[in-house]
Each structure stands twice: as C-alpha cells, then as structure tokens.
Amino acid sequence: MMPTVHQLGEKLKNYTGGFAAVVPYQKGDSLLLMDFTAANTALSDETLGNTGFFSKYVEEQLQKAGAKYGIGGYNEHRTIYSRSSVFDTESEEPRRLHLGTDIWGAAGTPVFAPLPGTVHSVGFNEAFGDYGATLILQHDLEGAIFHTLYGHLSLHSIEDKREGQSFEKGDWIAAFGEPAENGHWPPHLHFQVIIDMQGWKGDYPGVCKFSEREMYLSNCPDPDGILHMMQAAKPI
C-alpha cells in the first residue's frame, strides 16, 4: 500500500519497533540548528561560491557551538542554492525549497539504515551542486511502502550496492562523502523521505520551486519522524 503523507506520518509516529540512528547520535549529543535562508547574513556570495570557504564556515560554526552535528533544512526556503545552476529552471522561478533534512558533519561519518529495507536504486549525480553519490532504500512499514534517500555520500561506500539488496535496521549502508564526490558541498548527509518515487531511479528532487511546495510536501514528509533530532537542535 502506498500511504498518504498523513498516513505515513502517523505510522512513523506510532511505530513501536523504533528506528535506528541514521548517524552515530545519542540523546544528549549537542546539535546545532543551521539556517541557510536569507536570514543568515553571515553567508556571503563569496563563501557560497567557494566550496572550501563554505566547508570552513560549516566547520567553524560546529566548533563554535561545540556541536557534534549541524542539522536542519526541511521545508526551508534557502538562498544557498544560488551557488549552482542545477537549481535554476527554464521558467523565472528557481528551485529553492528544501525537501529533506541535512546533517552536517565530517567526511567519512557512517550512515545506518533506520529500519529494514532493500536498495531501490543508486546513482552518481555529479553536477556541481547536485547530490553526488546517492543511495535510495525502499521500506515496508506495517504495509506502508515508502523510500528513504541518502545524498552526498562517498562513492566507495555505495560501489557494492545493488538493486534489491537487503539491509536490516542498524546496518551500515554508506558514509558521508568528500566535496569532490558529494556534489561539491561541505560534507553532510541529505536525508529525505519519499512516498512515491514517480519513476525516478538513483535520484529524486531534493529541492523544488516554492510554487510546487504543497505538491512535493505531500510526497515527502518530515524526515524527523525517523530522525528525532530536530527537537534537540539549538541555534548558536
């Protein structure tokens, strides 16, 4: 059964089996809420245009906050996508609304399956600003079929992944990639929940036009239903 976004949200909230942590994280670890909207005036065009500068900015913010990870982004209208033509469209409206949650941390950070699943597809979306190495899992939660997407991974960590390959809850599935293989972003994980893949393989929009917000959010529920990390995140 393919659930509605409300039905899946209820199943995630009431799932008694519990989810494994997607990254090494325990309750009590410090998390920094990161803002990449126009309200963050500390992010200059010069910083965004240079991956090294951008990476240094993220590292310094985490160090300043004493945070293990930075987190945020779901349903956030972001200015940072101006750094790449990937998010421009033929119409006048660019794509700026983020559909997943980002977890910012060190390259090589391990990624785990939050619940049992099988590999739906893998891909290498190598354009500047894209996902880079990407893994998508399919899950069956008490009869509800949905998917989780993991973007900005290391190529090495997905090279042995094959469609239909099975994973149990808590299994290691991948690792954060370096900028050269993660779409030229500071190291982080883009984690997105998707109900209907709509024919996509190895890829699915992680950013949409604001005018398409309701359509995409009805297919991409809040990832914190699985992560349970946002309530612990604090701004500097």
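## A small sheet, a buried histidine and two cores

In this predicted model, three strands form an open sheet in the order 3-4-13, with antiparallel pairing. Strand 3 (76-77) and strand 13 (207-208) are the edge strands, and each has a single partner, so one side of each is left without a neighbour in the sheet. Strands 3 and 4 run antiparallel and are joined by two bridges. Within that pairing, H77 stands opposite L97 of strand 4.

Let us stay with strand 4, which covers residues 97-98 and includes H98. Is H98 buried or exposed? Its relative accessible area is 1%, which is under the 20% cut-off, so H98 counts as buried. The side chain of H98 also takes part in these polar contacts:

| Side chain | Partner | Distance |
|---|---|---|
| H98 | backbone oxygen of G100 | 2.9 Å |
| H98 | side chain of H190 | 3.0 Å |

If residues up to four places away in sequence are set aside, H98 touches G73, Y74, N75, E76, R78, Y81, H190, G206 and V207.

Two residues on that list, G206 and V207, turn up again at the largest pocket. This pocket has a volume of about 220 Å³. Its lining comprises 20 residues, and those nearest the pocket centre are F87, D130, Y131, G206 and V207. Strand 5 (101-104) and strand 12 are the elements that give two or more residues to this lining.

Now for the nonpolar interior. Which residues touch the most other members of the largest nonpolar core? They are Y150 and L189, in a core of 34 residues. At least two core residues come from each of helix 1 (5-14), strand 2 (69-72), strand 8 (132-141), strand 9 (144-153), strand 11 (172-175), strand 12 (188-194) and helix 6 (224-227). Strand 8 gives the most, with four residues.

A second core, separate from this one, has 16 residues, including F36, A67, I80 and Y81. Y81 is also among the residues that H98 touches.

Back in the largest core, Y150 is worth a look in your viewer. Leaving out its neighbours within four places in sequence, Y150 is in contact with V22, V111, P114, A133, T134, L135, L137, H139, I173, L189, H190 and F191. H190 therefore offers a handy link between the two parts of this picture: Y150 is in contact with H190, and the side chain of H190 makes the 3.0 Å polar contact with the side chain of H98, a residue that is itself buried.

Note on methods: Residues are numbered from 1 along each chain as its sequence is written. This is a predicted model: local features need pLDDT of at least 70, side-chain atom pairs count only at pLDDT 80 or more; totals for chains, interfaces and linings use all residues. Side-chain values use heavy atoms; hydrogens and water are left out. A nonpolar core is a set of buried Ala, Val, Leu, Ile, Met, Phe, Trp, Tyr and Cys residues joined through side-chain atoms within 4.5 Å. Buried means under 20% relative accessible area, exposed over 50%, partly exposed in between (1.4 Å probe, protein chains only). Contact means heavy atoms within 4.5 Å. A polar contact is a pair of N or O atoms within 3.5 Å; within protein, one must be able to donate a hydrogen and the other to accept it, and residues adjacent in sequence count only if both atoms are side-chain atoms. Two strands pair if DSSP finds at least two bridges between them. On a 1 Å grid over the protein atoms alone, a cavity is a set of points where a 1.4 Å probe fits but cannot get out, and a pocket is an open set with protein on both sides within 12 Å along at least five of seven lines; lining residues have an atom within 4 Å of a point. Grid points are joined across faces, edges and corners, and a volume is the space filled by probe spheres set on the points.
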